[in-house]
Every structure is written in C-alpha cells, then in structure tokens.
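Here is a friendly walk through a few strands and helices, in questions and answers. Have a look at the structure, then read on.

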Amino acid sequence: MTTVGAILNGIFEPGFFTSGPVRVALVVGGAVSLVSAVVGVFTVVRGQSFAGHSLGDLGTTGGSGAFLVGANPLWGFVTFAIIGAGAMELFGARRPRGRDMATGIVLGAGLGIAALFLYLGTTESNTTGATITILFGSIFVIHASMIPVFALLSGLALAIVGLLYRPLLLSAVSQDIASARGVPVRAVGILYLLAMAVAVSLSCVTIGAILSTAVLIGPAAAALRMTKRPGLAIAWAAVIGLAVTWLGILLAYDSYYWPPAGRGWPVSFFVVALILVVYLLADLASREKARRAGAQGVASRKFPTGTAGRTQPSLPPVLGAE
Amino acid sequence: MPFQLLRGCGRAKVVALCLAVTMLGCACSSASGVQSSGVIAAVGAENEYANVIGQIGGRYVEVTAVLSNPNTDPHSFEASPSVAAELSAAQLIVQNGVGYDTFMSTIEAASPNPKRKVIDVQKTLGLPDSTPNPHLWYNPDTMPAVAKAITRDLSGLDPARAPYFRANLANFDRSLKPWLQAIARFKAAHPHTPVASTEPVADYMLEAAGTDNATPWALQADIMNGVDPAPEDITLQDSLFTGHKVKVFLYNEQVADSITQSFLELAKKNGIPVVGVYETMPTPGYDYQTWMLAEVRALARAVANKVSTEQL
C-alpha cells in the first residue's frame, strides 16, 4: 500500500489535486481538447487544416486587440476567428482551388493588424507579456469564473458538428453527391467554419494561437491512422485529445521540480510534444498492420466497398489515409 | 547635420555663422560643442533619471525622458524614430542597463558621437550583467552615485558651470535624507515585515527597509518577463493572501496582466493593504525624492494602519 502511495506521489507531485490553477486547467483544458479533437476529425477529413491554422492566427488579431482595450482575450479570439471564418468564406471558400489563396490573404491581413495591436499595446498601454500569452497560451492563469463561458462555447461547437454529422461527412466525400442528395453544401460549410472558429479560439486561450493547430489536427490525424470509421475516429480523437492535455498539465506541474528548479516548463510544450509522439505511434501501428495484412495475402483495404449502402459510412480512402 | 554642412568652411566663417545663428535665437551648441551660453541636451532613458539630470543641470540642461508613460511596461518598450533622433542629438544620456533599456545602447551604437557622454547606471554601480533585478532606482545607494556621475559629466561638458552643478548635487544629496530616514524608521519600527509583491520593481527598497518578501523570486521574474508562472507558485502566492501571511501587497501598476489582477482581487478580499509601485516616476506632482518618500510612507501606512495606497 505504501509503495503504491509512493509511486502515486512520484507521479502526482504534492498539491496537484488541491491546486486551484490546476483544477481550472484540468476542467477548461479537458473541455477545449475534447471539442478541438472532435471538430478536428472533420477538419482533417474535409482537408481544411490550413483554414483551421489560419483561424488560430486570426484569433491573434482579436486576442491582441482585446489586450489593447483591456477585455478578456477569449472574446477577442472568438470574435476575430468568426470574422475571419466569414471573410474566408466570402473571398472564395466555395472554390476548392481558391480556398487556400483566400485563406492566406485573410490570414496575412489579420496578422498585420495583430502586429499593430501588439505594438500599440506594448507601447501605449499596460499589457505585460501579451505577445507570449497570445502565441503560447496561459492555461494556468484562467480565472475560475470563466469556466461556464468555456463550457457554453464548447457545447455550441459540439452541437453544430453533432447536428451536421452526416451532411458534413457526405460533403467531405463529394460536394456534388452531397448537393445532388439535397445537402445545402454552402450553409453546411459556413456552419462548420463557425464551429471550427469557436473550437480554435478556445484552444488559443489555453494552448496558444500558433499551437492551436496541434490540438485541432493532431489527435484527429492520429485517430484516423487507427480507424477509418468516422464514429470510432471521433471517439479515439476525443480520448487522445483529453489524454495528451491532462498528461501535459500533469507534466507541466511536475516539471516545477525538474531543472531549472522552481521554473515549471510550459504546458503547451508538453501537449504538443505528446501529440507528436501519439501520432508517430499511430502511424507506426497502421504501417505495421498494413504490412502484416499484405504478407497474409488479405485484400488491401485501399478500396473499401459498399460505402453508400452501409449505415456506418466509411471515409474516402484518400482523405482517411493521407 | 549643421556640423557636416559647415565642415568645409573656414574657421572665421564658422564663427560668423554661429554668431548669426545665435543672434537669430538658436543656440549653436550641437554644432560647435557647449558654449557657456548654451544649454546641454540630455536624455534620461527613464523619467526618474531625467528628473535627476534636471535637478543637477538646472537651467543649463534641456532634458527629455524616453520612458515616462505610466501606462506602458518599459520591459516591452520598442523605440521609435523620434527617440532615435533625440538620442543622436543628446550630449548626455543616462540609462539604466541590466538589459532593462537595451534599445538605448542599440540606438547609440547606430549614431556614434565621441563627444556624447553616456552614464550606464549598472556600470556606474559596478553591477554584473547577471544582476537579476534591474529596478536599480528603488535602491537607496543608486541615485547618489548617479547624481555624482551626472555632475562630473555636466561639468566636463560645461566647465564654467561646474560650481553651479556641484551646488545642485549637494542640494540633491541633502534632499534624499527624509527618504533615507523614513526607510531607517520603518526598519526599526517594523522589523522583518512579511510582504508580497507581483514583480521585483521595489525589491531593493523592500530589502533596505528590512522586509521579508514572501513571493518566490521565480514568480516575480515570470511576471516581470511576461511568461506563464508555475501553478505551484500561484498557489503559494494565493495562500499568502488567504492565510493572511503578509501585511502588505506591493502591486506594480505598470506590469499587470490577468494573473496580477487576480492576486489584487484576492488581496483586497482578504483585507491585505495594497501599495502601488512604479517602473517610471508617476507624474505630475513628484520628483524622484518625493516619489520615493511617498512609497515608504505608503508602506508604513499599510503596515501600521492597514491603509491601501493603490495609486500614489
């Protein structure tokens, strides 16, 4: 019993469960990683990773603007990510070839404004560390009173993807087939961008604007390495997202006792590093599985059959595997 | 610029031109060095240094400060072209050093001037680059040494006015006495007072006043540098307020963020008096001595009467 206690004490350094900042971080970080992972599966399947990353960068504009006027950065992130999503959609998100270009142009303009806001913020008003906080997040300094807001926004993003589950997948497979079946492709796309904007702005606050892509894409990409069934992929992504975030918080807490002593390492670093490890492991496992399947002469799964007729739609091979 | 234009001219012509320019009401000091009638252009990187230059130089210096906005954090200041122009025209510059105002050295290197005198407070005090706390002006030993260096350099630039500068130095040193006495009185009346702070701005004065700063150095440094503090340190700082372990909370009005604000809330909720401290001299209404004296008095009021002085 005492050995178990000793091991547990080694894993959870003293005060982990009683620390106020840690408790808030576990709740908020958990909710945010869950939403990001679930929304991220659709982002990967729909091939909108760049848009997802750009929404985070655009959030920088809002976050720095919020610092400048003294508002809570979360509202800045959410507002500008949604405006950015709208602008991307307006400037050509409909045409797949124009999409990246429109995203890039909106992104550049947004970051330029962020540079101005940060300059004004640091030279004209009182905003210590705004740049680092915006870029790399501040999960341990989130006020407990913000928990309901995080919960509400998380619920909103999850509700959107839950309601649009089938149309989202169908239009990811083929916009033409989706339109032919009566799916309002554009409206679905806009609503999805909205959900992604909310998810990304939440992770901007916790893990940082430039790292938010990692929690959006990472768990989803790893999950899609393990399974091509969308429902299962979403479940796996959620589990991975939650695990890496909580483990990252624990490691950041414990790192206080690592060298340099008394200077904990940032959570964002641990979360992003863990995501990379999980992705590499999932990739390795899926290659190993494919190799064994090939050696046994089992038919390759490159061309799944009967997609249309099955109740559980399989993801298009190209999007699911790559 | 005028100097370069004049370089090719004969000496007599230069003198004539200078006379003409002087008659037009323009001091020709930047072109031909300080004249006994001229005014020395001086810059203080932070307005507390500018204030001391002004007190020593009196009517024979024209002094400007680079950092004086009480709403900005000097740690993250970026210099603008107008600052560069001011610095390249200056004959005397006082800067803090210890990485606090590195932009000053960068600009000075970009516009070299062998005649310009630069007082780096860190070097004047003989402090190493690894000095962790750059807020030297809260240290009672700092300004007397800086004022002496200013007097020396001003006398070098304008030897005719040396007695005037020396008299001002004596006045300045005398005027620091009430502050130094207030520190000594505080130390005697309230030995080892436990205090908390957001970041190390007033640490030198707190040390001189014999207080025990219970806030971990790592937390102070993280807040000063604008990086995320460790949750362990936040919990510890919170417990200083909730457990009433400190008698006063020193709050840096210029280096604030969400974490410092939540400390402030917690301190107020638990009835811990708050004293505002500053990176640059709060203006108007203060000079260096009265500002420092006001800080010690606010500290004493907080400890003795539980009265907050959030803003001086």
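Q: In β4(B), which residue does V94(B) stand opposite?
A: This is a predicted model, and in it β3(B) and strand β4 (residues 117-120) of chain B pair in the parallel sense over 4 bridges. Within β4(B), the residue opposite V94(B) is I119(B).

Q: What is the handedness of the β-α-β crossover from β3(B) to β4(B)?
A: After β3(B), the chain passes through helix α6 (residues 102-110) of chain B and then reaches β4(B). This crossover is right-handed.

Q: Which residues of strand β3 (residues 92-95) of chain B are buried on each side?
A: In a regular strand, side chains alternate between the two faces of the sheet. Both faces of β3(B) are covered. The buried residues are L92(B) and V94(B) on one side, and I93(B) and Q95(B) on the other.

Q: Which residue of β3(B) is the bridge partner of G44(B)?
A: Strand β1 (residues 40-46) of chain B pairs with β3(B) in the parallel sense, over 3 bridges. The partner of G44(B) in β3(B) is V94(B).

Q: Which strands are the edges of the open sheet β6-β5-β7-β8 (chain B)?
A: The 4 strands of this sheet pair in parallel, in the order given. An edge strand here pairs on one side only. That holds for β6 (212-213) and β8 (274-277) of chain B.

Q: Which strands of that sheet does helix α15 (residues 288-305) of chain B touch?
A: Helix α15(B) packs on the sheet, and its direction makes about 165 degrees with that of β8(B). The strands touched are β7 (248-252) and β8 of chain B.

Definitions and conventions:
Residues numbered from 1 in each chain as written. Chains lettered and ligands numbered in written order. Predicted model: local features only at pLDDT ≥ 70, side-chain atom pairs only at ≥ 80, totals over all residues. Pairing = 2+ DSSP bridges. Helix = DSSP H or I, 4+ residues; strand = E, 2+ residues; numbered from the N terminus. Contact = placed C-beta atoms within 7 Å. Axes fitted to C-alpha atoms, helices over the stretch in contact; angles between N-to-C directions. Buried ≥ 20, exposed ≤ 12 C-beta atoms within 10 Å, placed from the backbone. Right-handed = clockwise from strand over helix to strand, strands pointing away.
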